[in-house]
Amino acid sequence: MYAGRERPTGGFELFAWFFMRISGLVLIILVLGHLAIMHVIHTVDEIDFDFVARRWGSPFWRTYDLVMLWLALLHGLNGLRMAIDDYVHRRGWRVVSLAALAVIGFVLLAMGTQIILTFEAPTGQMASGLP
Amino acid sequence: MRVLMKIKRFNPERDRAPYWAEYEVEVEPVDRVLDALEYVKWHLDGTLTFRRSCAHGICGSDAMLINGRNRLACKVLVKDLGSPITVEPLRGFPVVKDLVVDMEGFFAKYRAVKPYLINDELPPETERRQSPEERARFDDTTKCILCGACTTACPSFWANGAYIGPAAIVNAHRFIFDSRDRGAAERLAILNTRLGVWRCRTIFNCVEACPRGIDVTRAIAEVKRALLFSGT
(Lines give C-alpha, C1' and ligand atoms only; values in the text may rest on other atoms or scores of the structure.)
Protein backbone atom coordinates (compact mmCIF):
# COMPACT_ATOMS: atom_id res chain seq x y z
CA MET A 1 0.00 0.00 0.00
CA TYR A 2 3.04 2.26 0.10
CA ALA A 3 3.84 1.81 -3.56
CA GLY A 4 3.90 5.09 -5.41
CA ARG A 5 3.94 7.20 -2.29
CA GLU A 6 6.63 9.59 -1.27
CA ARG A 7 9.35 7.60 0.44
CA PRO A 8 10.72 8.58 3.82
CA THR A 9 14.47 8.55 4.27
CA GLY A 10 15.68 5.49 6.15
CA GLY A 11 18.78 6.46 8.03
CA PHE A 12 21.22 4.77 10.34
CA GLU A 13 18.73 3.77 13.04
CA LEU A 14 16.59 1.83 10.58
CA PHE A 15 19.69 0.04 9.32
CA ALA A 16 20.88 -0.66 12.88
CA TRP A 17 17.51 -2.12 13.82
CA PHE A 18 17.45 -4.36 10.76
CA PHE A 19 21.06 -5.41 11.33
CA MET A 20 20.23 -6.46 14.90
CA ARG A 21 17.43 -8.73 13.64
CA ILE A 22 19.44 -10.38 10.87
CA SER A 23 22.70 -10.70 12.84
CA GLY A 24 20.74 -12.11 15.79
CA LEU A 25 19.23 -14.84 13.61
CA VAL A 26 22.54 -15.72 11.94
CA LEU A 27 24.36 -15.68 15.28
CA ILE A 28 21.98 -18.23 16.80
CA ILE A 29 23.13 -20.71 14.15
CA LEU A 30 26.82 -19.71 14.21
CA VAL A 31 27.18 -19.58 17.98
CA LEU A 32 25.31 -22.84 18.61
CA GLY A 33 27.53 -24.49 15.99
CA HIS A 34 30.62 -23.00 17.61
CA LEU A 35 29.47 -24.13 21.04
CA ALA A 36 28.80 -27.67 19.84
CA ILE A 37 32.15 -28.04 18.07
CA MET A 38 34.40 -26.30 20.57
CA HIS A 39 32.76 -27.28 23.85
CA VAL A 40 30.66 -30.40 23.34
CA ILE A 41 32.15 -32.50 20.54
CA HIS A 42 35.70 -31.39 21.35
CA THR A 43 36.34 -30.32 24.91
CA VAL A 44 38.77 -27.70 26.09
CA ASP A 45 41.21 -30.47 27.08
CA GLU A 46 41.84 -31.53 23.51
CA ILE A 47 41.77 -28.07 21.95
CA ASP A 48 45.32 -26.85 21.55
CA PHE A 49 47.42 -24.91 19.05
CA ASP A 50 47.47 -27.86 16.64
CA PHE A 51 43.72 -28.15 16.75
CA VAL A 52 43.23 -24.51 15.90
CA ALA A 53 45.93 -24.57 13.24
CA ARG A 54 44.32 -27.58 11.59
CA ARG A 55 40.91 -25.99 11.79
CA TRP A 56 42.09 -22.77 10.23
CA GLY A 57 43.74 -24.73 7.46
CA SER A 58 40.31 -24.77 5.89
CA PRO A 59 38.98 -21.52 4.39
CA PHE A 60 35.48 -22.58 5.49
CA TRP A 61 36.27 -22.36 9.19
CA ARG A 62 38.20 -19.13 8.75
CA THR A 63 35.16 -17.60 7.06
CA TYR A 64 32.90 -19.06 9.74
CA ASP A 65 34.95 -17.49 12.53
CA LEU A 66 35.35 -14.20 10.66
CA VAL A 67 31.60 -13.84 10.10
CA MET A 68 30.91 -14.77 13.72
CA LEU A 69 33.48 -12.25 14.98
CA TRP A 70 32.05 -9.37 12.95
CA LEU A 71 28.39 -10.11 13.62
CA ALA A 72 28.83 -10.81 17.34
CA LEU A 73 31.02 -7.77 17.94
CA LEU A 74 28.88 -5.33 15.99
CA HIS A 75 25.69 -6.80 17.52
CA GLY A 76 27.11 -6.36 21.01
CA LEU A 77 28.54 -2.92 20.31
CA ASN A 78 25.21 -1.68 18.96
CA GLY A 79 23.47 -3.05 22.05
CA LEU A 80 25.92 -1.15 24.25
CA ARG A 81 25.38 1.98 22.14
CA MET A 82 21.66 1.74 22.89
CA ALA A 83 22.30 1.25 26.61
CA ILE A 84 24.52 4.35 26.61
CA ASP A 85 21.84 6.20 24.64
CA ASP A 86 19.29 5.31 27.30
CA TYR A 87 21.24 5.81 30.48
CA VAL A 88 24.09 8.27 29.92
CA HIS A 89 22.54 11.71 29.74
CA ARG A 90 25.39 14.09 30.51
CA ARG A 91 26.84 15.35 27.24
CA GLY A 92 30.47 14.95 28.31
CA TRP A 93 30.01 11.38 29.53
CA ARG A 94 28.09 10.49 26.38
CA VAL A 95 30.91 11.66 24.15
CA VAL A 96 33.50 9.86 26.27
CA SER A 97 31.60 6.57 26.50
CA LEU A 98 30.59 6.49 22.83
CA ALA A 99 34.14 7.34 21.76
CA ALA A 100 35.54 4.62 24.05
CA LEU A 101 33.05 2.16 22.59
CA ALA A 102 34.07 3.04 19.05
CA VAL A 103 37.80 2.76 19.81
CA ILE A 104 37.47 -0.56 21.69
CA GLY A 105 35.23 -1.92 18.94
CA PHE A 106 37.64 -0.89 16.19
CA VAL A 107 40.68 -2.33 17.97
CA LEU A 108 38.98 -5.67 18.69
CA LEU A 109 37.62 -5.96 15.14
CA ALA A 110 40.96 -5.08 13.59
CA MET A 111 42.94 -7.47 15.82
CA GLY A 112 40.53 -10.36 15.34
CA THR A 113 40.29 -9.87 11.61
CA GLN A 114 44.05 -9.62 11.23
CA ILE A 115 44.61 -12.84 13.15
CA ILE A 116 41.95 -14.81 11.28
CA LEU A 117 43.09 -13.61 7.87
CA THR A 118 46.87 -13.74 8.31
CA PHE A 119 47.33 -16.76 10.57
CA GLU A 120 49.74 -19.23 9.03
CA ALA A 121 50.13 -22.71 10.42
CA PRO A 122 53.80 -23.57 10.82
CA THR A 123 54.51 -26.19 8.19
CA GLY A 124 56.07 -29.56 8.86
CA GLN A 125 56.22 -29.71 12.60
CA MET A 126 52.61 -29.09 13.48
CA ALA A 127 52.23 -32.03 15.83
CA SER A 128 55.40 -31.24 17.73
CA GLY A 129 55.64 -29.56 21.10
CA LEU A 130 54.41 -26.12 20.18
CA PRO A 131 52.54 -24.34 22.96
CA MET B 1 -14.93 -4.55 53.58
CA ARG B 2 -12.39 -2.16 55.04
CA VAL B 3 -9.47 -1.22 52.85
CA LEU B 4 -6.37 0.81 53.57
CA MET B 5 -5.71 3.31 50.79
CA LYS B 6 -2.10 4.49 50.56
CA ILE B 7 -2.06 7.46 48.25
CA LYS B 8 1.02 9.36 47.10
CA ARG B 9 0.16 13.02 47.54
CA PHE B 10 1.90 16.20 46.52
CA ASN B 11 0.83 19.81 46.55
CA PRO B 12 3.52 21.90 44.86
CA GLU B 13 2.31 25.03 46.64
CA ARG B 14 2.85 23.49 50.06
CA ASP B 15 4.95 20.33 49.98
CA ARG B 16 8.64 20.09 49.27
CA ALA B 17 8.40 16.41 48.32
CA PRO B 18 5.65 13.85 47.68
CA TYR B 19 4.49 11.88 50.72
CA TRP B 20 2.25 8.89 51.42
CA ALA B 21 -1.16 9.57 52.98
CA GLU B 22 -3.18 6.69 54.43
CA TYR B 23 -6.96 6.44 54.59
CA GLU B 24 -9.20 3.66 55.90
CA VAL B 25 -12.25 3.34 53.71
CA GLU B 26 -15.38 1.17 53.88
CA VAL B 27 -16.19 -0.23 50.44
CA GLU B 28 -18.06 -3.07 48.79
CA PRO B 29 -15.81 -5.79 47.34
CA VAL B 30 -17.22 -5.05 43.88
CA ASP B 31 -16.49 -1.34 44.19
CA ARG B 32 -13.76 0.04 41.97
CA VAL B 33 -10.60 1.79 43.11
CA LEU B 34 -12.22 4.96 41.76
CA ASP B 35 -15.10 4.51 44.25
CA ALA B 36 -12.57 4.24 47.07
CA LEU B 37 -10.83 7.42 45.88
CA GLU B 38 -14.17 9.21 45.71
CA TYR B 39 -14.99 8.01 49.20
CA VAL B 40 -11.78 9.60 50.44
CA LYS B 41 -12.49 12.86 48.61
CA TRP B 42 -16.14 13.10 49.63
CA HIS B 43 -15.93 11.89 53.22
CA LEU B 44 -12.36 12.05 54.53
CA ASP B 45 -10.25 14.66 52.77
CA GLY B 46 -11.70 17.01 50.16
CA THR B 47 -8.27 18.22 49.12
CA LEU B 48 -7.37 14.92 47.43
CA THR B 49 -7.08 15.65 43.72
CA PHE B 50 -7.48 13.22 40.84
CA ARG B 51 -8.96 13.15 37.33
CA ARG B 52 -11.98 11.19 36.29
CA SER B 53 -14.69 11.80 33.79
CA CYS B 54 -16.83 9.00 32.38
CA ALA B 55 -15.82 6.50 35.08
CA HIS B 56 -16.50 3.64 32.67
CA GLY B 57 -13.12 2.93 31.09
CA ILE B 58 -13.67 4.94 27.93
CA CYS B 59 -12.52 8.52 28.48
CA GLY B 60 -9.07 7.58 29.71
CA SER B 61 -8.72 10.27 32.36
CA ASP B 62 -8.14 8.16 35.48
CA ALA B 63 -5.06 6.17 34.53
CA MET B 64 -2.78 5.89 37.55
CA LEU B 65 -0.24 3.59 39.14
CA ILE B 66 -2.29 1.19 41.27
CA ASN B 67 -0.36 -1.39 43.29
CA GLY B 68 2.63 -0.75 41.10
CA ARG B 69 0.89 -1.19 37.76
CA ASN B 70 -0.65 1.32 35.39
CA ARG B 71 -4.40 0.84 35.31
CA LEU B 72 -7.64 2.78 35.06
CA ALA B 73 -9.03 3.38 38.56
CA CYS B 74 -12.53 2.88 37.12
CA LYS B 75 -11.72 -0.56 35.71
CA VAL B 76 -10.10 -2.37 38.63
CA LEU B 77 -12.17 -3.80 41.46
CA VAL B 78 -11.16 -3.52 45.10
CA LYS B 79 -11.69 -7.26 45.69
CA ASP B 80 -9.04 -8.05 43.08
CA LEU B 81 -6.42 -6.01 44.94
CA GLY B 82 -7.09 -6.62 48.63
CA SER B 83 -5.64 -4.28 51.21
CA PRO B 84 -3.63 -2.07 51.27
CA ILE B 85 -4.08 -0.46 47.88
CA THR B 86 -1.31 1.91 46.81
CA VAL B 87 -2.13 4.67 44.35
CA GLU B 88 0.47 6.90 42.69
CA PRO B 89 0.45 9.33 39.77
CA LEU B 90 1.63 8.05 36.36
CA ARG B 91 5.43 7.88 36.17
CA GLY B 92 7.40 10.17 33.90
CA PHE B 93 4.91 13.04 33.67
CA PRO B 94 5.27 16.15 35.86
CA VAL B 95 2.87 16.03 38.82
CA VAL B 96 0.43 18.95 38.92
CA LYS B 97 -1.16 17.90 42.20
CA ASP B 98 -1.63 14.54 43.92
CA LEU B 99 -2.72 12.12 41.15
CA VAL B 100 -3.11 14.77 38.44
CA VAL B 101 -0.22 14.85 35.97
CA ASP B 102 0.65 17.32 33.23
CA MET B 103 -0.14 15.57 29.94
CA GLU B 104 0.58 18.49 27.61
CA GLY B 105 3.81 16.94 26.31
CA PHE B 106 1.99 13.66 25.78
CA PHE B 107 -0.69 15.30 23.64
CA ALA B 108 1.87 17.39 21.75
CA LYS B 109 3.48 14.10 20.61
CA TYR B 110 0.05 12.73 19.74
CA ARG B 111 -0.61 15.79 17.56
CA ALA B 112 2.84 15.43 15.96
CA VAL B 113 1.87 12.19 14.19
CA LYS B 114 -1.11 13.88 12.46
CA PRO B 115 -3.82 11.67 13.97
CA TYR B 116 -6.50 12.53 11.42
CA LEU B 117 -7.47 11.39 7.93
CA ILE B 118 -5.25 12.88 5.24
CA ASN B 119 -6.68 12.52 1.75
CA ASP B 120 -6.85 15.31 -0.82
CA GLU B 121 -8.51 13.18 -3.49
CA LEU B 122 -12.06 14.19 -4.35
CA PRO B 123 -14.41 12.15 -2.19
CA PRO B 124 -16.69 9.81 -4.15
CA GLU B 125 -20.42 10.57 -4.37
CA THR B 126 -21.30 8.45 -1.37
CA GLU B 127 -18.39 7.66 0.94
CA ARG B 128 -14.82 6.39 0.84
CA ARG B 129 -15.47 2.68 0.85
CA GLN B 130 -13.39 0.14 2.71
CA SER B 131 -13.60 -3.64 2.80
CA PRO B 132 -13.94 -5.46 6.13
CA GLU B 133 -10.41 -6.81 5.61
CA GLU B 134 -8.99 -3.33 5.07
CA ARG B 135 -10.77 -2.17 8.22
CA ALA B 136 -9.45 -5.12 10.21
CA ARG B 137 -5.88 -4.12 9.32
CA PHE B 138 -5.87 -1.30 11.89
CA ASP B 139 -8.76 -2.36 14.13
CA ASP B 140 -6.61 -2.97 17.20
CA THR B 141 -5.16 0.55 17.29
CA THR B 142 -8.57 2.24 16.96
CA LYS B 143 -9.21 1.15 20.56
CA CYS B 144 -6.78 3.69 22.09
CA ILE B 145 -8.33 6.09 24.61
CA LEU B 146 -5.16 8.19 25.14
CA CYS B 147 -4.97 7.47 28.86
CA GLY B 148 -1.15 7.48 28.84
CA ALA B 149 -0.80 4.12 30.62
CA CYS B 150 1.48 2.67 27.93
CA THR B 151 3.80 5.63 27.53
CA THR B 152 4.27 6.04 31.30
CA ALA B 153 5.01 2.30 31.69
CA CYS B 154 7.77 2.47 29.08
CA PRO B 155 11.37 2.43 30.39
CA SER B 156 12.56 4.05 27.16
CA PHE B 157 10.26 6.97 27.91
CA TRP B 158 11.45 7.14 31.53
CA ALA B 159 15.04 7.19 30.27
CA ASN B 160 14.34 9.95 27.75
CA GLY B 161 11.17 12.01 27.97
CA ALA B 162 11.68 13.25 24.42
CA TYR B 163 10.85 9.76 23.05
CA ILE B 164 7.62 10.02 21.11
CA GLY B 165 6.23 7.07 23.07
CA PRO B 166 3.98 4.09 22.36
CA ALA B 167 0.67 6.01 22.48
CA ALA B 168 1.64 8.35 19.66
CA ILE B 169 2.93 5.44 17.57
CA VAL B 170 -0.31 3.52 18.14
CA ASN B 171 -2.30 6.50 16.88
CA ALA B 172 0.00 6.90 13.88
CA HIS B 173 -0.49 3.19 13.15
CA ARG B 174 -4.25 3.69 13.17
CA PHE B 175 -3.96 5.98 10.11
CA ILE B 176 -0.83 4.59 8.44
CA PHE B 177 -2.64 1.30 7.78
CA ASP B 178 -6.00 2.85 6.88
CA SER B 179 -6.65 2.21 3.17
CA ARG B 180 -8.53 5.54 2.87
CA ASP B 181 -5.61 7.57 4.18
CA ARG B 182 -2.84 9.06 2.01
CA GLY B 183 -0.60 10.48 4.73
CA ALA B 184 1.37 7.34 5.61
CA ALA B 185 4.63 8.63 4.14
CA GLU B 186 4.43 11.85 6.17
CA ARG B 187 3.78 9.97 9.40
CA LEU B 188 6.44 7.35 8.72
CA ALA B 189 8.97 10.13 8.12
CA ILE B 190 8.07 11.64 11.50
CA LEU B 191 8.50 8.28 13.22
CA ASN B 192 11.74 7.39 11.41
CA THR B 193 14.00 9.18 13.89
CA ARG B 194 16.11 8.34 16.93
CA LEU B 195 13.35 9.61 19.20
CA GLY B 196 10.67 7.99 17.05
CA VAL B 197 10.05 4.25 16.69
CA TRP B 198 13.75 3.43 16.97
CA ARG B 199 13.70 4.27 20.70
CA CYS B 200 11.43 1.30 21.24
CA ARG B 201 13.44 -1.55 22.78
CA THR B 202 10.58 -4.10 22.60
CA ILE B 203 10.21 -4.26 26.38
CA PHE B 204 6.45 -5.05 26.19
CA ASN B 205 5.56 -2.97 29.30
CA CYS B 206 3.11 -1.03 27.11
CA VAL B 207 1.22 -4.21 26.21
CA GLU B 208 0.94 -5.15 29.88
CA ALA B 209 -0.20 -1.64 30.84
CA CYS B 210 -2.81 -1.00 28.16
CA PRO B 211 -6.30 -1.08 29.75
CA ARG B 212 -7.81 -1.57 26.29
CA GLY B 213 -5.78 -4.70 25.55
CA ILE B 214 -4.06 -3.19 22.51
CA ASP B 215 -1.08 -5.19 21.29
CA VAL B 216 1.06 -2.04 21.36
CA THR B 217 4.46 -3.63 20.74
CA ARG B 218 3.08 -5.43 17.68
CA ALA B 219 1.74 -2.12 16.32
CA ILE B 220 5.16 -0.51 16.81
CA ALA B 221 6.83 -3.48 15.11
CA GLU B 222 4.45 -3.11 12.16
CA VAL B 223 5.43 0.54 11.81
CA LYS B 224 9.13 -0.44 11.91
CA ARG B 225 8.55 -3.07 9.25
CA ALA B 226 6.60 -0.58 7.13
CA LEU B 227 9.62 1.74 7.33
CA LEU B 228 11.92 -1.08 6.28
CA PHE B 229 9.84 -2.04 3.27
CA SER B 230 8.94 1.49 2.24
CA GLY B 231 12.51 1.81 0.95
CA THR B 232 15.41 3.74 2.35
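What follows is a friendly talk about how some labels in this predicted model are reached.

Colleague: What should I know before we start?

Modeller: This is a predicted model, where local features need pLDDT of at least 70 and side-chain atom pairs count only at pLDDT 80 or more. Residues are numbered from 1 along each chain as its sequence is written, and chains are lettered from A in the order in which they are written.

Colleague: Why are helix 1 of chain A and helix 3 of chain A called oblique to each other?

Modeller: Their axes, for residues 12-41 and 59-87, come within 8 Å and cross at roughly 135 degrees. Angles under 35 degrees count as roughly parallel, over 145 as roughly antiparallel, 65 to 115 as roughly perpendicular and the rest as oblique. The two helices are therefore oblique.

Colleague: What makes up the contact of helix 1 of chain A with helix 3 of chain A, by class?

Modeller: There are 17 nonpolar, seven polar and two charged residues.

Colleague: Now the rings: what makes A:F15 and A:F19 a stacked pair?

Modeller: Rings of Phe, Tyr and Trp (its six-membered ring) pair if their centres lie within 6.5 Å; planes under 30 degrees apart count as stacked, over 60 as edge-to-face and the rest as tilted. For A:F15 and A:F19, the values are 6.4 Å centre to centre and 25 degrees between the planes, so both tests for a stacked pair are met. These two residues are four apart in helix 1 of chain A, so about one helical turn separates them.

Colleague: Which of A:F15 and A:F19 is buried and which is exposed?

Modeller: Buried means under 20% relative accessible area, exposed over 50%, partly exposed in between (1.4 Å probe, protein chains only). A:F15 has 53%, so A:F15 is exposed, while A:F19 has 19%, so A:F19 is buried.

Colleague: Why is the pair of A:F60 and A:W61 called edge-to-face?

Modeller: The centres of these rings are 4.9 Å apart and their planes stand at 80 degrees, so the pair gets that name. A:F60 counts as exposed because its relative accessibility is 52%, and A:W61 counts as partly exposed because its value is 22%.

Colleague: How do you know that B:S230 is buried?

Modeller: B:S230 has 4% relative accessibility, so this residue counts as buried. B:S230 lies in the segment after helix 8 (216-229) of chain B.

Colleague: Which residues do ring pairs link into a cluster?

Modeller: The cluster joins B:F93, B:F106, B:F107 and B:F157.

Note on methods: Heavy atoms only, no water. Axes fitted to C-alpha atoms, helices over the stretch in contact; angles between N-to-C directions. Nonpolar A, V, L, I, M, F, W, Y, C, P; charged D, E, K, R; others polar.
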